[in-house]
Structures are given as structure tokens and as C-alpha cells.
Amino acid sequence: MNLPHYQKGLSMAGWMFLILVIGSVITIGTKLAPLYLDHNTMSNIMDGLPQEKGMVTKGNVELTNILRKRFKMNNIRDFDFKNHLTINRPEDRVVIDMNYEVRLPLVHNVDLIASFEKQIILRD
């Protein structure tokens, strides 16, 4: 009895689809990874502020300048402090909020949007 031989492996269409999926994942990953690395760096800088003494007594401009210098030292240069960083002073503490959104073009009219939030509280 002669059994038919079945095709093993992917067809040309299957390979093309697989390459398309892997290429899309790599493209999106290479565009998003720097955003998350920058946000992680900014978060670590902000997380270090509460460990320093006397930060509550500093003014808003001075706190912003400290963050600006530390961001610049870590190669984060295009962060808009005026629109994305707020400093509030309820009672005996300082609340620093960093909320921002990054929009990157992906393909033609399709964009990648990443939204980030970070809040720290400074106390004496």
C-alpha cells in the first residue's frame, strides 16, 4: 500500500507571515525600548531625592533645576519640565508628579504612544 507523502514545514506564505511578525516585534521593540530605559533612569533619579536631606526646604525652581541637571547628566535632554512636571506643597511635604506621553511614528499614519507617570513625596 502506497501512502501519500505529506508536506513538512512551512509554506512560502507561512514563512512570509512569520518574517512579518518577527520584523514587527523587532521594529516596535527597538522604538519602545529607549523610551522605557529613559523613564527608568528618570524614575531612579526621582527616587533618590527623598534620601537627600533638606529637599523639602528647597523651592520649586531649585528642585526643578536639580532634576534638570541630573536628567542632563544622564543624557535625558528633551524632557519638557514646564508641561510634564508639577510640584505641589500640601502641608509639611512636597509632592513631585511627572506625567508625560511620548508619541513615535511607526508606519505612515500609525503612531506608537507610551504614557508614563511617576510621583514621589518628600518629607522632612
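## Lys58 and Glu62

Lys58 is partly exposed in this predicted model, its relative accessibility being 22%. The side chain of Lys58 meets that of Glu62 in a salt bridge, with an N to O distance of 3.6 Å. Glu62 is likewise assigned to the partly exposed class, at a relative accessible area of 40%.

## Other salt bridges

How many salt bridges does a search of the whole structure find? The search returns six. One of them joins Arg70 to Glu52, and the closest N and O atoms of this pair are 2.8 Å apart. Arg70 belongs to helix α2, which covers residues 60–73, while Glu52 sits in the loop between α1 and α2; the pair therefore ties together parts that are 18 residues apart in sequence. Both partners keep some accessibility: Arg70 is partly exposed at 22%, and Glu52 is partly exposed at 31%.

A further salt bridge is formed by Glu101 and Arg103, whose closest N and O atoms lie 3.8 Å apart. These two residues are linked with Asp111 in a network of salt bridges. Glu101 has a relative accessible area of 46% and is therefore classed as partly exposed, since that class lies between the 20% limit for buried and the 50% limit for exposed residues.

## Helix α2

The length of α2 can be checked against its residue count. At 1.5 Å a residue, its 14 residues should span 20 Å, and the C-alpha atoms at its ends are 20 Å apart, so the two values agree.

Which residues of α2 are buried? They are Leu63, Thr64, Ile66, Leu67 and Phe71. Viewed down the axis of α2, the buried residues fall within an arc of 155°, so they line one face of the helix. The elements that cover these buried residues include α1, α3 (81–84) and the strands β1 (85–88), β2 (93–107) and β3 (110–123). On the face of α2 turned away from the buried side are the exposed residues Val61, Lys69, Lys72 and Met73.

## The loop between α2 and α3

Asn75 follows α2 and is placed in the loop between α2 and α3. The phi of Asn75 is positive, at about 65°, although the residue is not a glycine. Most residues other than glycine have a negative phi. With a relative accessible area of 54%, Asn75 is exposed. Asn75 and Asp38 are separated by 37 residues in sequence, yet their C-alpha atoms are 8.7 Å apart in space.

Ile76 is found in this loop between α2 and α3 as well. Is Ile76 buried or exposed? Its relative accessibility is 6%, so Ile76 counts as buried. Leaving aside residues up to four places away in sequence, Ile76 touches Asp38, Thr41, Met42 and Phe71. Among these contacts, Phe71 is one of the buried residues of α2. Ile76 and Arg89, by contrast, are 13 residues apart in sequence and 26 Å apart in space, C-alpha to C-alpha.

## Glu91

Glu91 has a positive phi of about 50° and is not a glycine. The residue is located in the loop between β1 and β2. A relative accessible area of 75% places Glu91 in the exposed class.

## Nonpolar surface patch

A nonpolar patch of about 840 Å² is present on the surface. Which residues make this patch? It is formed by Leu10, Met12, Trp15, Met16, Leu18, Ile19, Ile22 and Ile26. Ile22, one of the contributors, is found in helix α1, which runs through residues 12–48. With a relative accessible area of 43%, Ile22 is partly exposed. This value satisfies the requirement for patch membership, because a patch residue must have over 30% relative accessible area.

Conventions: Residues are numbered from 1 along each chain as its sequence is written. This is a predicted model: local features need pLDDT of at least 70, side-chain atom pairs count only at pLDDT 80 or more; totals for chains, interfaces and linings use all residues. Side-chain values use heavy atoms; hydrogens and water are left out. Patches are made of residues with over 30% relative accessible area and no salt bridge: like charges are joined within 9 Å, nonpolar side chains (Val, Leu, Ile, Met, Phe, Trp, Tyr) within 5 Å. Accessible areas come from the Shrake-Rupley method with a 1.4 Å probe; for residues, only the protein chains shown count as cover. A salt bridge is a side-chain nitrogen of Lys or Arg within 4 Å of a carboxyl oxygen of Asp or Glu. Helices (H or I, at least four residues) and strands (E, at least two) are DSSP runs, numbered from the N terminus. Buried means under 20% relative accessible area, exposed over 50%, partly exposed in between (1.4 Å probe, protein chains only). The expected span of a helix is 1.5 Å times one less than its number of residues. The arc is that of the directions from the helix axis to the C-beta atoms. Contact means heavy atoms within 4.5 Å.
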